[in-house]
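Work through the exercises below with the sequence and the coordinates at hand, and compare each result with the worked solution that follows the task.

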Amino acid sequence: MKNEWPLWEIFIRGQHGMSHRHVGSLHAPDAEMAIKNARDVYTRRNEGVSIWVVEANHIAASSPGDKGPLYEPSESKVYRHPTFFDIPEEVGAM
Amino acid sequence: MTRDEAFTQFLLRMGDNTLILGHRVSEWCGHAPVLEEDIALANTALDLIGQTQMWLGLAGEVQGEGKSADDIAFLRDVWDFRNLLLVEVPNGDFGRTLMRQCLFDAWHSIQLGHLMKSSDERVAAIAAKASKEVAYHLERSADTVVGLGDGTEESHRRMQEALDYLWPYVGEMFQSDDVDAEMVKAGIAPDPASLRADFDALIGRILTEATLTIPDSAFGHKGGRTGKMHTEHLGHLLTQMQWLQRAYPGAKW
């Protein structure tokens, strides 16, 4: 029998942030306790207004070994960057 | 006993509960079974010490002898403490610590709910601030009691042992005396006995879900909140908590 609690990845939306950001991971027996633990471990200095938890083994990740084929082809395609446009201020943060 | 004398006693009871339990819970710092629980327990302890500062600060004010919250916390001896015996008993294992926390949190949350409507606005303000912290304490301790009670064979056994050990300390929360009568008359605090039904309903739900059995005994230890008689454990706790102020009176940093 496995005695270790599963690992959870913790995402917190900050006071002024717009999206949840990954802040770290912790162990907990279930999702509810993971949220409680996240509250105690990661928001004790008033960092957040919303918490997401995801069990780490539900996250599919790209492999570092595939770095070449995945990312290199875009390096030479500067025309994909919208750096040639002025963004109006009304648009806000993008 | 004047109104202010009774009021001071009442405030000492509130503040000594949170002070002694806060100290007990802080003993887990660096020793909890997992890092997450370690931080959570330390947070709880800090909340309780913060509440102590408010209750004992107000006690000093009402008493009118120029004493600060620190003077009251660090310069009294065992016989002057007015906390429930429940909060001074040693932590035992993690399960017993969380069972004690849950029993206290259940009472504490109900008590603070009443104190938020206190005729004394300073009491109402402290209760309003503390009640948010305590609502979370209760959520956490109740969850853990259910998780361990309705857990493995070993965790269930340990939680039942914890409940059997601690249940005789529960009755003291609901014993009323002259101090309480005076507080009721002034509209400052509720009659402790009047909280029993809400407590039984709340703790009954939690313990049923935890598949634990409340001991069938009406026996209850008492003497803590009146100061008549504490357990031998409180003196040991105070020697640790107070040694610095006792050895170096007035030391500051």
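**Exercise 1: the fold of chain A**

Of the 94 residues of chain A, 15% count as buried, a residue being buried if 20 or more other C-beta atoms, placed from the backbone, lie within 10 Å of its own. The model is a predicted one, in which local features need pLDDT of at least 70, side-chain atom pairs count only at pLDDT 80 or more, and totals for chains, interfaces and linings use all residues. Residues are numbered from 1 along each chain as its sequence is written, while chains are lettered from A and ligands numbered from 1 in the order in which they are written.

Task: describe the secondary structure and the spread of chain A.

Solution. Begin with the DSSP runs (helices are H or I of at least four residues, strands E of at least two, numbered from the N terminus): chain A has 2 helices and 3 strands, arranged along the sequence as β-β-α-β-α. Next, take the radius of gyration over C-alpha atoms and compare it with the globule rule, 2.2 Å times the number of residues to the power 0.38; the value for chain A is 19 Å, well over the 12 Å that the rule gives for 94 residues, so the chain is more spread out than a compact globule.

**Exercise 2: the contact between the chains**

Task: determine how many residues each chain brings to the contact, and which element of chain A gives the most.

Solution. With contact defined by C-beta atoms, placed from the backbone, within 7 Å, chain A contributes 11 residues and chain B 8 residues. On the side of chain A that touches chain B, strand 2 (21–27) and helix 1 (31–42) each supply at least two residues, and helix 1 of chain A gives the most, with 6 residues.

Terms used
Two residues are in contact if their C-beta atoms, placed from the backbone, lie within 7 Å. A residue is buried if 20 or more other C-beta atoms lie within 10 Å of its own, exposed if 12 or fewer, and partly exposed in between; C-beta atoms are placed from the backbone.
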